[in-house]
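Q: Got a minute to go through this one with me? Let's start with helix packing.

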Amino acid sequence: MKIVVIDKDPLNAQFIKSKLEPLGHKITSHTSKSEGAQFCIENEVDLVILDPSPLNTPRTLIQDLRRNAAFSPYTVMISQTPPAQTEALKFGINDVLAKPFNPETLDEKVEQAKYFNALIKRMADDLSLIHI
């Protein structure tokens with residue numbers, strides 16, 4: 001999978017990269033939220049893992065990704081607080097990864113993203129058959 005990690009802390013991004021690259025995933029990381037969002041808009045990505053802190057609300061970042069990313073990637077937000085997690089889910093995040101997280105939980109989120117992306121592709125293929 002093509003995965004983008006958007007996190008101001010390069011150590012978190014490196015940890016995620018060290019866990020997922022050996023499994024065959026291509027990881028790109030950005031410490032700048034605007035650069036990371038722009039990368040997602042300009043490139044086909046399968047999964048975005050983002051930590052919106054220190055933003056008070058992830059709303060704008062999530063909505064920009066949803067509105068502008070041509071490929072509608074599966075998005076997972078890293079968060080410590082349940083209120084931020086609930087808010088993110090309302091604005092279009094697909095899933096939440098609570099801090100601190102363990103590698104098994106990260107693997108679960110990647111597997112869920114794979115399943116979701118395969119389902120979306122299958123639905124798109126089915127729709128194309130209907131319009132013939």
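A: Sure. This is a predicted model. The axes of helix H2 (residues 33–42) and helix H3 (residues 59–68) come within 9 Å, crossing at roughly 20°.

Q: Is H2 roughly parallel, antiparallel or perpendicular to H3, and why?
A: Roughly parallel, because the crossing angle of roughly 20° falls under 35 degrees.

Q: Which hand does the crossing of H2 and H3 have?
A: Right-handed.

Q: Which residues make the contact?
A: H2 contributes Lys33, Ala37, Cys40 and Ile41. From H3 come Leu61, Leu65 and Asn68.

Q: And how do the residues of that contact divide by class?
A: Five are nonpolar, one is polar and one is charged.

Q: New topic: peptide bonds. Which residues does the cis peptide bond join?
A: Lys99 and Pro100. Omega there is about -10°.

Q: Where is Pro100 found?
A: In the loop between strand S5 (95–98) and helix H5 (103–130).

Q: Pockets next. How much space lies in the second largest pocket?
A: About 150 Å³.

Q: What lines the second largest pocket, and which residues lie nearest its centre?
A: The lining has 13 residues. Pro52, Ser53, Ser79, Thr81 and Ala84 lie nearest the centre.

Q: What's the class split of that lining?
A: Six polar, five nonpolar and two charged residues line the second largest pocket.

Technical notes
Residues are numbered from 1 along each chain as its sequence is written. This is a predicted model: local features need pLDDT of at least 70, side-chain atom pairs count only at pLDDT 80 or more; totals for chains, interfaces and linings use all residues. Side-chain values use heavy atoms; hydrogens and water are left out. On a 1 Å grid over the protein atoms alone, a cavity is a set of points where a 1.4 Å probe fits but cannot get out, and a pocket is an open set with protein on both sides within 12 Å along at least five of seven lines; lining residues have an atom within 4 Å of a point. Grid points are joined across faces, edges and corners, and a volume is the space filled by probe spheres set on the points. Ala, Val, Leu, Ile, Met, Phe, Trp, Tyr, Cys and Pro count as nonpolar, Asp, Glu, Lys and Arg as charged, and the others, Gly among them, as polar. Axes are lines fitted to C-alpha atoms, for helices over the stretch in contact, and angles run from 0 to 180 degrees between N-to-C directions. Helices (H or I, at least four residues) and strands (E, at least two) are DSSP runs, numbered from the N terminus. A crossing is left-handed if the near helix is turned anticlockwise from the far one by less than a right angle, and right-handed if clockwise. Contact means heavy atoms within 4.5 Å.
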